[in-house]
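The following paragraphs lead the reader through a single protein structure, from one helix to the wider arrangement of sheets and helices. Please keep the sequence and the model in view while reading.

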Amino acid sequence: MKKYTIECTKCNNVITQTAEEAVNATRNEDVKKRVIMKRVFEARCPKCQNIHFVTRPFLYQDDERRALYVLASEGMDVDRFVKKQNLKGNYKKQYSLRVVRSINQLVEKILLVENNINDKAIEVLKLFFVMGEKNSNIRNVYFEELEGNRIRLAVIMADGRQLTAYADVKGLERIVSINKKALNEKKHEWEEVNVKWAMDFYNANEAEINRIGALVEEQTKRENEALKKLLEERKAKVEEKKPTAKKTTTKKTETKKTEKKEPKKTTKKTAEKKVAEKKVAEKKVAEKKVAEKETKKTTEKKSTKKATITETKKTTKKTDK
Ligand SMILES: [Zn+2]
C-alpha cells in the first residue's frame with residue numbers, strides 16, 4: 001500500500017489516499033475486475049465527491065496467464081519498481097512483460113490476455129483500421145471484447161465521443177501471416193506494444209504488406225469485372241427471351257440463370273477469396289461501424305483526450321485525470 005496525494009480538479013481540495021502499488025490477479029476474478037473497472041485507480045474527493053482516475057506506478061501480475069504489466073511514467077525505472085514488489089520466480093524469463101503509459105492501455109492488455117489475443121497483432125490491426133478510415137479525427141482505438149468471430153473496438157474521437165467498430169477476427173490471422181516471428185515474445189525484455197510498435201512493424205514489413213495489397217487489389221478488380229460481365233449477359237438474355245414479361249416471371253428466369261452459372265464461378269471465387277484473405281492494409285481487415293455512445297464520465301473523457309493515437313511520440317503525461 002502506498003500513500004498518494006492529488007489535488008481535486010473540481011474544488012482544489014487536496015485528496016490523500018492509500019492504494020495498492022501492485023496486485024496479483026492470478027485466478028482472482030475480483031482483483032481482475034477491480035483493475036478492469038479502473039476502481040483501483042479511483043480517488044474520490046471527500047469534499048465535492050468528484051471521482052478522479054489517478055495514473056500512478058502500478059504492477060499487474062497474473063501467473064496463470066504469465067503476464068506482468070507495469071503502468072509507468074516516462075523515464076521511470078521499471079526494473080527497480082518491480083524489484084521493490086518482491087516477486088517470486090523467474091518471471092522475466094517466462095512472462096509477457098509490458099510497460100504501459102495509461103490506465104486504458106493497461107485495461108486493454110488485461111482484456112487481451114484474458115481473451116488469448118496477441119497484443120502485437122491487435123496493435124497492427126488497429127493501425128490498419130485507422131489507416132482504412134477516412135476520418136482523421138480518430139484519437140485512439142482500444143480492444144474491448146471478442147464477440148464470436150468479431151472483435152469489438154472502442155474508437156475514441158478527437159471530441160471525446162466514443163464509437164464502436166467491429167473487425168473480423170480473420171484480420172488477425174492475416175497479420176500473423178505477414179511476419180509471425182515479429183509477433184513473438186521478446187524474452188527478458190520489457191516491451192512497449194502500442195501504436196508506435198505497430199508503425200515500426202508496418203515500416204519493417206511494408207514491402208510484404210504492399211505486395212499482398214496490390215495482389216488483392218488486382219483480384220478485386222478482376223472479380224468486379226467478371227461480375228459486371230455476368231450481370232450484363234444475364235440482362236441481355238432476359239431481355240431477349242421475355243421482353244414483355246411481367247416482373248415476377250423475369251425474376252424466375254434470373255434465378256435459373258444464376259444457378260446454372262454458379263459452379264463455374266465458385267471455383268474462381270474460392271481462389272480469389274484465398275488471396276483476399278491475405279490482404280491486410282484494407283478496410284476488409286476492419287469491417288466497421290455501428291452504434292454510438294457518449295463517454296460516461298468527464299474524467300474518462302479527459303483521459304482519452306490525453307491518450308491520443310500519437311501518445312507514443314512520448315507526450316504521455318504522468319496522470320490521466
Ligand atoms: Zn473536490
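Which residues are exposed on the other side of α7? In this predicted model, the answer begins with the buried residues of that helix. Helix α7 spans residues 195-204, and Val195, Ala198 and Phe201 in this helix are buried. Viewed down the axis of α7, the buried residues fall within an arc of 115°, so they line one face of the helix. The general geometry of helices is relevant here: an α-helix has 3.6 residues a turn, so residues three or four places apart point the same way. On the other side of α7, the exposed residues are Asp200 and Asn203. The buried residues of α7 pack against α5.

Helix α5 leads in turn to another helix pair. The axes of α5 (residues 119-132) and α6 (residues 170-178) come within 9 Å and cross at roughly 105°. An angle from 65 to 115 degrees counts as roughly perpendicular, and α5 and α6 are therefore roughly perpendicular to each other. From α5, the residues Ala121, Val124 and Leu125 take part in the contact, where they meet Gly171, Leu172, Ile175 and Val176 of α6. Sorted by class, the contact of α5 with α6 comprises 6 nonpolar residues, 1 polar residue and no charged residues.

A further helix pair is formed by α1 and α4. The axes of α1 (residues 29-36) and α4 cross at roughly 140° and come within 9 Å. The two helices are therefore oblique to each other. Lys32, Val35 and Ile36 of α1 make this contact with Val107, Ile110 and Leu111 of α4. The residues of the contact of α1 with α4 divide into 5 nonpolar and 1 charged, with no polar residue.

Helix α4 also provides the link to a sheet. This helix, residues 103-114, lies across β6 (58-62), β7 and β8, and runs at about 170° to β7. The strands β6, β7 and β8 belong to an open sheet of 4 strands, whose order is β3-β6-β7-β8 and whose pairing is mixed. At the edges stand β3 (22-24) and β8 (96-100), each of which pairs on one side only. On average, and with direction ignored, neighbouring strands of this sheet are turned by 10° against each other. Within the sheet, β7 (residues 67-71) runs parallel to β8 and is joined to this strand by 5 bridges. Tyr69, for example, has Arg98 in β8 as its bridge partner.

Antiparallel pairing is found between β9 and β10. Strand β9 covers residues 138-147 and strand β10 covers residues 150-157, and 8 bridges pair them in the antiparallel sense. Glu147 has Arg150 in β10 as its bridge partner. The two strands form a hairpin with 2 residues between them, and Gly148 in the turn has a positive phi of about 65°.

These elements may finally be placed within the whole. The protein contains 10 helices and 12 strands. Of its 321 residues, 26% are buried. Among contacts between residues at least 6 apart in sequence, 67% join residues at least 24 apart.

Technical notes:
Residues numbered from 1 in each chain as written. Predicted model: local features only at pLDDT ≥ 70, side-chain atom pairs only at ≥ 80, totals over all residues. Pairing = 2+ DSSP bridges. Axes fitted to C-alpha atoms, helices over the stretch in contact; angles between N-to-C directions. Contact = placed C-beta atoms within 7 Å. Parallel < 35°, antiparallel > 145°, perpendicular 65-115°, else oblique. Nonpolar A, V, L, I, M, F, W, Y, C, P; charged D, E, K, R; others polar. Buried ≥ 20, exposed ≤ 12 C-beta atoms within 10 Å, placed from the backbone. Arc of directions from axis to C-beta.
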